[in-house]
Amino acid sequence: MKPDFTAMSGLQTIVEREAMLLAPYAMHSADSRGRRHAETEHAYRGPFQRDRDRIVHSAAFRRLSGKMQVFTGDMGDYHRTRLTHTHEVASIARTLGRSLRLNEDLIEALALFHDIGHPPYGHAGEEALDQCLQDAGGFSHNQYALTIAEELEIRYHRFPGLNLTQEVLEGQAVRADKRAPQQPLLEVQVVDVADSITYDAHDTDDAVKLGLVTLDDLRRLELIRETMENVQQRFGTLNPELTRKAVVHELIDVQVSDVLQVAGAYLSEHPPEHAEAARCLEFRLGPSQGFLEKKMELERFLYAQVYRHPRLIAMRTRAQHRLKTLFGTFVDQENLLPPRFRKRGQSVGIERSVADYLAGMTDRFCEQKFEQLTAGRVVG
Ligand code: MG
């Protein structure tokens, strides 16, 4: 159903606000394709603001605080969790979106939602669940985010799920299946770009802080070397702790500036007339070619030296063993499942339902369940 906005006397409506602030090619709330289950529009919150609020108030969002990004909780308490990563993405995405005059409310909702489907133990957990479900369609955190939004969160009496707008759901669907014929909205592209800027910067920070790599190791990379030279030029010689922090700030700043420079130049020369037209452009938001190569060098380094570090490999093995053991245990003994997932098994199949239950767990809860269910017996 198309939204119907009614002004409250004296207050600026979302339509008035967006007409003033947004570019014609931004996704305007008035053009939203609405929600699957028709709802009356809110008097002073636009549809994407409501999406954001629904996401923030969901159980799955709160659980992001207990889910690891790259490093587990027992490695310390400095590094990012899935929740703090999400907030950093939202902040950078909003900066990009505001500069490009896109819809910040939609961007914020998309950013806060983008990692909501991550199972415990990050990508290690995702791989384990995907292997468990290899004969039942596999597991993808991007797809699972849609299951959360449409089926698993129960917040309203009239329908299951969060009943988010089609724009947020479609933005997530594109993440789940990148073969879509059309480009996603620019707001969706902004969040993708912000995600990559964010993890390249914070994984570098966390890896140095945790002692997995040193700034000297990183200096071999062109992007970091340039960043360190900029820092030296601006602030002189800093101690290692402050150097690390300044490098991370600079790393975000140069990436955001590069993306904005490219996008700003293109969009001012070829401004699409509306959001739909922006989806047909040859142009896609992202770093310049020169920058992309330097960024890929950093990413290859992080992959080899950090994500595949022996400490992380050991964690992966443990995490995958836990998840696979729990999967087998719950599939064999459905009576151990919470009633709603037992019941869900009748419609989606027991394997899928068990994976849905496991994927919703925080790292700590998953560990507790494992200890509880395997106490006193050897599980191979
Ligand atoms: Mg992310």
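These are my notebook entries on the fold, the surface and the metal site of this structure.

**Model and fold**

I noted at the start that this is a predicted model. I then looked up the secondary structure. The chain has 18 helices and zero strands. Next I checked the radius of gyration, which is 22 Å. The globule rule gives 21 Å for 380 residues, so the chain is as compact as a globular protein of that length. I also took the extent of the C-alpha trace along its principal axes. The spans are about 65 × 60 × 40 Å.

**Contacts and surface**

I looked at contacts between residues with a separation of 6 or more. Of these, 74% join residues 24 or more positions apart. I turned to burial and found that 53% of the 380 residues count as buried. The chain exposes about 18,100 Å², and I noted that carbon and sulfur atoms supply 50% of that area. I looked up the charges too. There are 48 positive and 55 negative charges, and their mean positions lie 5 Å apart.

**Metal site**

Which residues coordinate the magnesium ion? I found His 85 and His 114, each through NE2, along with Asp 115 and Asp 195, each through OD. The distances run from 2.2 to 2.4 Å. Along the chain, I read the donor spacing as H-x28-H-D-x79-D. I then placed the two histidines, a pair that links distant parts of the chain. His 85 sits in helix α4, residues 82–99. His 114 is in the loop between α5 (104–113) and α6 (122–132), 29 residues apart from His 85. Are His 85 and His 114 buried or exposed? I found both His 85 and His 114 buried.

Notes
Residues are numbered from 1 along each chain as its sequence is written. This is a predicted model: local features need pLDDT of at least 70, side-chain atom pairs count only at pLDDT 80 or more; totals for chains, interfaces and linings use all residues. Side-chain values use heavy atoms; hydrogens and water are left out. Helices (H or I, at least four residues) and strands (E, at least two) are DSSP runs, numbered from the N terminus. The radius of gyration is taken over C-alpha atoms; the globule rule is 2.2 Å times the number of residues to the power 0.38. Buried means under 20% relative accessible area, exposed over 50%, partly exposed in between (1.4 Å probe, protein chains only). Contact means heavy atoms within 4.5 Å. Accessible areas come from the Shrake-Rupley method with a 1.4 Å probe; for residues, only the protein chains shown count as cover. Lys and Arg count as positive and Asp and Glu as negative; His and the chain ends are not counted. The place of a charge is taken as NZ of Lys, CZ of Arg, CG of Asp or CD of Glu. Donors are N, O and S atoms within 2.8 Å of the metal (3.2 Å for Na, K and Ca); water is not among the atoms, so sites may look incomplete.
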